[in-house]
Amino acid sequence: MPTTQNSRRQWMSVLAQAPAGQLIELAQPFLALDRFTSVRAPEIGLAQVRARMGGTGNRFNLGDVTITRCVVQSANGHYGYAYIRGRNKPHALCAAQLDALLQSDNHREAIYQQVIKPLRQTLAQQQQQRATEAAATRVNFFTLVRGED
């Protein structure tokens, strides 16, 4: 599997949104195979989120969100980056290390099959569960015609 910008974007999205406990558990066997140098240790900060009215209208400041970021370098020179919503430093470190490993040809396929795919399935199940819960609260409005015309 060649590394393309689109495939990297997809695995970084999965790593950022994955449940931290499951990500760390699945990643441990692979993280023990390599050494990493911390370029930027996990640190917590704020980012301002901007939105557009109706998705295409004028921009406005929606609010601030807490972000944890981290940058590492693997032993074979690949840089791994992670930006995680929230304050979970182990999650950001693990995601950055996996990003660095996924850029290398050595373990990419195994990591993709044993870490990214299960996490993607978990995220899809969570999204389906939220959609099902939202659908249960759906209200159908209708108008009764009285027939007095």
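The following dialogue shows how to read several features of a predicted model.

Trainee: Let us begin with salt bridges. How many does the structure hold?

Mentor: A salt bridge is recognised where a side-chain nitrogen of Lys or Arg comes within 4 Å of a carboxyl oxygen of Asp or Glu. The structure holds four of them.

Trainee: Which residue forms a salt bridge with Arg-69?

Mentor: The partner is Glu-43, and the closest N and O atoms are 2.8 Å apart. This pair links distant parts of the chain, since Glu-43 belongs to strand E1 (residues 36–52) and Arg-69 to strand E2 (residues 59–74), with their positions 26 residues apart in sequence.

Trainee: Which other side chain does Glu-43 meet, that of Arg-40 being in question, and at what N to O distance?

Mentor: The side chains of Arg-40 and Glu-43 meet in a salt bridge at 3.9 Å, N to O.

Trainee: Are these residues buried, or are they partly exposed?

Mentor: The reading rests on relative accessible area: under 20% is buried, over 50% is exposed, and values in between are partly exposed. Arg-40 has 35% and is therefore partly exposed. Glu-43, at 31%, counts as partly exposed, and Arg-69, with a relative accessible area of 31%, is also partly exposed.

Trainee: I should like to examine Arg-108 next. With which residue does its side chain meet in a salt bridge?

Mentor: The side chain of Arg-108 meets that of Asp-105, with 2.9 Å from N to O. The two partners fall into separate classes of accessibility: Arg-108 counts as buried because its relative accessibility is 4%, whereas Asp-105 is exposed because its relative accessible area is 64%. As for shared partners, salt bridges join Arg-40, Glu-43 and Arg-69 into one network.

Trainee: Let us turn to the surface. Which residues form the nonpolar patch?

Mentor: A residue may enter a patch only if its relative accessible area is over 30% and it has no salt bridge. Here the nonpolar patch consists of Val-39, Tyr-79, Tyr-81 and Tyr-83, and together they have about 400 Å² of accessible area.

Trainee: Which strand gives the largest share of the nonpolar patch?

Mentor: Strand E3 (residues 79–85) gives the largest share, three residues. Tyr-79 lies in this strand, and it is partly exposed because its relative accessibility is 36%.

Trainee: What is the volume of the largest pocket, and which residues line it?

Mentor: A pocket is read through its volume and its lining. The largest pocket has a volume of about 160 Å³, and its lining is made of Ala-16, Gln-17, Tyr-83, Ile-84 and Arg-85. Helix H1 (5–17) and strand E3 each supply at least two of the lining residues, and the largest share, three residues, comes from E3. By class, the lining divides into three nonpolar residues, one polar and one charged.

Trainee: Finally, is Leu-101 buried or exposed, and where does it lie?

Mentor: Leu-101 lies in helix H3 (residues 89–102). With a relative accessible area of 2%, Leu-101 is buried, because the limit for that class is under 20%.

Trainee: How far apart are Leu-101 and Leu-26 in sequence and in space?

Mentor: Separation in sequence and separation in space are read as two values. Leu-101 and Leu-26 are 75 residues apart in sequence, and their C-alpha atoms are 14 Å apart in space.

Technical notes: Residues numbered from 1 in each chain as written. Predicted model: local features only at pLDDT ≥ 70, side-chain atom pairs only at ≥ 80, totals over all residues. Heavy atoms only, no water. Patch = residues over 30% accessible without salt bridge, like charges linked within 9 Å, V, L, I, M, F, W, Y side chains within 5 Å. Areas by Shrake-Rupley, 256 points an atom, 1.4 Å probe, with all protein chains shown as cover. Helix = DSSP H or I, 4+ residues; strand = E, 2+ residues; numbered from the N terminus. Buried < 20%, exposed > 50% of the residue type's maximum accessible area, 1.4 Å probe, protein only. 1 Å grid on protein atoms, 1.4 Å probe; cavity = no way out; pocket = protein on both sides within 12 Å on 5 of 7 lines; lining within 4 Å. Points joined across faces, edges and corners; volume = space filled by probe spheres on them. Nonpolar A, V, L, I, M, F, W, Y, C, P; charged D, E, K, R; others polar.
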